[in-house]
Amino acid sequence: MRLRRLVLLAAVAAVAWPAIPTPESHFGHRMGEDRKLIGWDKVVTYFQALAKTSDRIVVRELGKTTLGRPFLAAWISQAGTLKQLEQYRQIQKKLADPRKTGEAEAAKLILQGKAVVMITCSIHSTEVASTHTAVEFAHRMLTESSPRLNAILDNVIFILVPSLNPDGVDIVRDWYLKTLGTPYEGSSQPELYHKYVGHDNNRDWYMFSQAETRLTIEKLHNAWHPQIVYDVHQQGPNASRMFIPPWLDPIEPNIDPLIAQMCNYIGLGMAMDLTAAGKKGIVVNASYDFWTPARHYQAYHGGLRILSETASARLASPVNIRPEEINQTAPGYNPRERSWNYLEPWMGGEWRLRDIVDYQIIAWESCLYQTALRRQDMLRNFYQIGQRAVARTTPYAFLIPLEQRDPGSARKLLETLAFGLVEIEKTAESYLIRMQQPYSGWAKALLEKQDYPDLRLYPGGPPKRPYDVTAHTLPMLMGVDVKPVMSWAAPSAMAADYTFPAKPLSAGNGDTWKEVNRIWSRGASLWRNPQTGDFSARPGAGLIEKKRPKVGLYRSFMPSMDEGWSRWILEEFGFAYQSVKNPEIVAGRLRARYDAIIFPDQSPSAIHNGYRPGSMPPEYVGGLGETGAQALLEFARAGGTLVFLNDSTDYAIGHLGVPLKNVISGVPSRDFYCPGSLLRVRLDEKHPLAHGLPAEIAIWSEGSPAWEVTSGSSTRTIARYVDSGVLASGWLLGEKYLAGRSSLVEVPMGQGRIVLFGMRPQYRAQSYQAVKLLFNSLLL
Ligand SMILES: [Zn+2]
């Protein structure tokens, strides 16, 4: 009887696990087929179906994306491991903090634990392949049995994020379907693929401004402390087929050498496995450097940053590359020649979405398999990296005095550090960040000045271009007073009475934080009345009431990330605005609707000409043209304020007749180069634009214009580069071109004005100090 019952239960159990659906049965086609892209809703239902049919996968919704889609992660491992996920997470947590976990306990945990590898897909939504690879690879992990896959399941907890930007999966797919079979098939969509930040969504990993970044950091990185975070990307079609680390120099100095060494090791192993599988065109130590923390949070939190960049097709449409179309140069290698780091050049041919999926599957399996083979070493090294961090003695600490010119910014800085697991104590006068903690390298990287190395193509030659920007000094960006303490006389006497809440007051950029930021406090410029939306400005003693300005923000059909960041920052600080597109400007009579119109950082040609005829469907073609320029001049003459940011200032000079010359235009890069750095300017404190700001600040410059203003001209300089010591943080060649030149000017125009910013005052929602200049310009 008893035996029969058991048999019956077994039969019921078998019924409860229906067959694991194949990608083909769920999506109606194989992954990576020509001209087929998958949408997010079906990805979600597929992963849910996997979770219902296999005990090797757990799927969780971590929260909602910016546009409200479910944001998913899957945990894949042996069923027995998944049943004890929380226990394994606790092991990770203990190994992450050597202050609490001694060597003997760590040795035991290293034997028991699993290595945690996280693979994240399609943060850049036009790099479409990896979400498809995620579907196929997850299915393989649950259904196939091979010594390699079994080793992975036995030794690794694999966290798979099928997309870091689900909204973009659909934005790109919708555009692809709309243009499929037309002359525009495979073109880029005429909007940002992330609502606010587009491609810059992987430049947000220390400021954490966007919903997807915050979910990934809080629920995955900080909760799981992965030993490896592998971010899957695609590059242009005309050089190597796939890049994998080792990284190019420079490596940011606060990244532990062991992290960089392990990146080299795992990356070379992946390259070996791809070559063994017959895949050509694999390059290492090329194109991508290991500098800005905006792209690699994990590298300061005990985890390797593995990146792969596979050559793209035209979304899901194949391309055919001719040998003469292969690039002749690339950073770190020659795409047409064999070298130690590019052993089998790929010299053209057909290239399609399926090729990308194939390369990625081999690379992923290799990364996971190598981790599985050296599971204990991975965990031991992870623990050791933490030991080295808590032993840091220089500097001893950073102090952030309670007394700050802008308490809102100081608070935001503290919240940002705390979100990145930095421990903050409070004394009677200061916040205190001691360096003897596991993520001291992270805090140090963000609080200190950067000295980017002077790298040249050859001695005396042009600069080697960094992959992204060169500075990330938060105290300068945010205008917060922070002091390094090189040694501490009596640290034990410094009894900390308070630890800053590890959980920010408003994890979702909620109201508490907004209210704090609306108040710029003593010496500050603005108060906003939440009921009326009006502003009060206080230059010195008196109080001036300002009506809520009617703000327009120019939005070109050619998407501009700076436009998206501008929307984000205006919304964060409670400014109402309207997006203004070409037809509205061309139609004229703008003064009746707006007090100020902002032009974000964008090229004059994008603004004036827009898309060329034939390159996009007709409704997106064209720019402001002459009629639009006349309408803008009319707006300014009738008392409106036109605000131009960074490159768009050249539009004002070229098309609106602003009588200025950009002194750095035409200067060769060997003489002048500023690839994204913080530079010192002095402000005209009497001018309303500078209200609330100190006499000298650091601004964000990325090859930004600077102007010579002749005496006697009606142009008023509000910010001027200092005469020497222009570079505050990062890299600058050719200081003499900037010294004493203007970087923020006001040009009168009839009853109104044109304001030119030779900087990005709202840079990636980081420059909390200079952004006040922008806000003030809207209230003139
Ligand atoms: Zn990318």
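Colleague: Which elements each supply at least two residues of the lining of the largest cavity?

Modeller: Strand β3 (115-120), helix α10 (211-224) and strand β5 (228-235) each do so. Helices here are DSSP runs of H or I with at least four residues, strands are runs of E with at least two, and both are numbered from the N terminus. This is a predicted model, in which local features need pLDDT of at least 70 and side-chain atom pairs pLDDT 80 or more, while totals for chains, interfaces and linings use all residues. Residues are numbered from 1 along each chain as its sequence is written, and side-chain values use heavy atoms, without hydrogens or water.

Colleague: What makes a space in the structure a cavity?

Modeller: On a 1 Å grid over the protein atoms alone, a 1.4 Å probe fits at its points but cannot get out; a lining residue has an atom within 4 Å of a point. The whole structure holds eight cavities of 30 Å³ or more. The largest cavity encloses about 110 Å³, and 13 residues line it, with W205, V229, D231, R295 and Q298 nearest its centre. That lining has five nonpolar, five polar and three charged residues.

Colleague: Which residues line the second largest cavity?

Modeller: Among them are L37, I38, S122, H132 and R173. Helices α7 (129-143) and α9 (166-179) each give two or more residues, and α9 has the largest share, three. The volume of this cavity is about 80 Å³.

Colleague: Why is the site of the zinc ion called irregular?

Modeller: Four donors count as tetrahedral if all angles lie between 85 and 135 degrees, and as square planar if opposite donors are over 155 degrees apart and all others between 65 and 115; the rest are irregular. The angles here run from 56 to 149°, so the site is irregular.

Colleague: How do you know which atoms are protein donors of the zinc ion?

Modeller: A donor is an N, O or S atom within 2.8 Å of the metal (3.2 Å for Na, K and Ca); water is not among the atoms, so sites may look incomplete. H124 and H233 each give ND1, and E127 is listed twice with OE, at 2.1 to 2.4 Å from the zinc ion. The sequence spacing is H-x2-E-x105-H. E127, in the loop between β3 and α7, and H233, in strand β5, are 106 residues apart.

Colleague: Why is E127 called buried?

Modeller: Buried means under 20% relative accessible area, with a 1.4 Å probe and protein chains only. E127 has 9%, so E127 is buried. H233 has 2%, so H233 is buried.

Conventions
1 Å grid on protein atoms, 1.4 Å probe; cavity = no way out; pocket = protein on both sides within 12 Å on 5 of 7 lines; lining within 4 Å. Points joined across faces, edges and corners; volume = space filled by probe spheres on them. Nonpolar A, V, L, I, M, F, W, Y, C, P; charged D, E, K, R; others polar. Tetrahedral: all angles 85-135°; square planar, octahedral: opposite > 155°, others 65-115°. Buried < 20%, exposed > 50% of the residue type's maximum accessible area, 1.4 Å probe, protein only.
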